[in-house]
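Here is my note on the structure you sent round. Please have it open as you read.

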Amino acid sequence: MLRKICLWACVCGLCWGLSSCFRSWRKNERDLRKHYANKSVRPTYYTIQNDSLRLFVATTGADTLPPLLLIHGAPGAWYGYLNMVDDSILQSKYHIIAVDRLGYNHSKHRKKRIVTSIDLQARAAALALSLNHSRQKGVLLGRSYGAPIAAKIAILNPQRFNKLVMLAPAIDPTKEKFWWFSKPAKWWIVRMWLPHRINLASFEKFAHAKELEKLANEWQMLQVPTTVVQGGKDWIVDPTNLDFARMKLAKKEAQFIFLPNAGHLISYSHPDLVRELVITPFQQSSTSTTSLQVGTNEDHK
């Protein structure tokens, strides 16, 4: 009896702990209404639907400007890029398109509750480009688990982008990080108490290595100039993923930026750098990749 009580206590504690870990990442409609209550520019929301899926998209900026497509990680939602969606400088230069990936927030696959396929996630997110009417090449940005999905979008749609930016990308199939709660998070008794997005993130994590192995053979097909940014104090994505990127993109138009003191959320800790990378035309010798190490007083998160 005591053993059962202890087991249930551990399960309850695990469920509470996992929910608490991701609570600060989640916003509801009331939070978003409060956020935009006094702002002059608010997102326009769209839902793209077909027989297979429903894709939710938030946009700012004129749809006649080049697209800036933002792909979030796991777990996540479009509002993970809230600071970029609200950036007036970016709004003046781009049609900012932030998607909810399949299974997260308001997006879903009608036939598959759990979508761990990088290919399927990429093809779904790319549908958001139909909202843009500029007929100009744009910029594609993905971070963490969203980075390989962004790369796949670029591989499938090279004619739509003049730059790919990957922030803290989880792309090396041999460097997938697991924590003490990773395996218990897949127990059905734990899953039934957790939000769907956390369960999806857990399934994505355990499928990620195999999915990245599939993508490993496709990096050679990437034609879009690429910038990779990695923080040295990232505890979620192993910083050596930057070495993997250097290896796979050695013969491509690519640049690599290492921030020794940065953590995982680079789009928030280094917004000026990210904005500059998005706005500035890609400049790099056609014969070799470039590698930069940036260390500033702001490089602290």
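The points below go from the whole chain to single residues.

1. **Confidence.** This is a predicted model. The mean pLDDT of the protein chain is 84. Of its residues, 76% reach 70 or more. Residues 1-24 are the stretch to watch: pLDDT stays under 50 there. The model gives that stretch 21 contacts beyond four places in sequence. Where pLDDT is low, the predicted coordinates should not be read in detail.

2. **Overall make-up.** The protein chain has 301 residues, and 52% of them are buried. Its secondary structure comes to 11 helices and 10 strands. Take contacts between residues at least 6 apart in sequence: 79% join residues at least 24 apart. The exposed surface is about 14800 Å², with 54% of it from carbon and sulfur atoms.

3. **Strand β3.** How many residues of β3 are buried? Five of the five, residues 67-71, so the strand is largely enclosed by the rest of the structure. P67, L69 and I71 point one way, while L68 and L70 point the other way. Both sets are buried.

4. **Neighbours of β3.** Strand β4 (residues 95-99) runs parallel to β3 and is joined to it by four bridges. There, L70 has A98 as its bridge partner. Strand β6 (residues 138-143) also runs parallel to β3, again with four bridges. In β6, L69 is partnered by L140.

5. **The largest nonpolar core.** This core holds 42 residues. Which of them touch the most other members? They are L69, I71, L140, I153, L164 and W219. Helix α6 (residues 146-156) gives the most to the core, with seven residues. A second, separate core has 31 residues, including M84, V139, I257 and V278. In soluble globular proteins, nonpolar side chains tend to be buried together.

6. **L164.** Leaving aside residues up to four places away in sequence, L164 touches L140, A150, A151 and A154. Its other contacts are L222, V224, P225, T226 and T227.

7. **Y81.** This residue sits in the loop between β3 and α3 (82-85). Is Y81 buried or exposed? Its relative accessibility is 0%, so Y81 counts as buried. The side chain of Y81 reaches the backbone oxygen of I71 at 2.7 Å. The two residues are 10 apart along the chain, and their C-alpha atoms are separated by 8.8 Å. Beyond four places in sequence, Y81 touches L70, I71, H72, L141, G142, R143, S267 and Y268.

8. **H95.** Here is a histidine to look at in strand β4. H95 has 3% relative accessibility, so it counts as buried; the cut-off is under 20%. Not counting residues up to four places away in sequence, H95 touches T59, T60, G61, A62, D63 and L65. The same list also has P66, P67, L68, L131 and N132.

9. **Helix α5.** What lies at the start of α5? A side-chain oxygen of S117 reaches to within 3.3 Å of the backbone nitrogen of D119. Within the helix (residues 118-126), I118, Q121, A122, A124, A125 and A126 are buried.

Technical notes:
Residues numbered from 1 in each chain as written. Predicted model: local features only at pLDDT ≥ 70, side-chain atom pairs only at ≥ 80, totals over all residues. Heavy atoms only, no water. Core = buried A, V, L, I, M, F, W, Y, C linked by side-chain atoms within 4.5 Å. Buried < 20%, exposed > 50% of the residue type's maximum accessible area, 1.4 Å probe, protein only. Helix = DSSP H or I, 4+ residues; strand = E, 2+ residues; numbered from the N terminus. Contact = heavy atoms within 4.5 Å. Pairing = 2+ DSSP bridges. Polar contact = N/O pair within 3.5 Å; in protein donor to acceptor, adjacent residues only side chain to side chain. pLDDT = per-residue confidence, 0-100. Areas by Shrake-Rupley, 256 points an atom, 1.4 Å probe, with all protein chains shown as cover.
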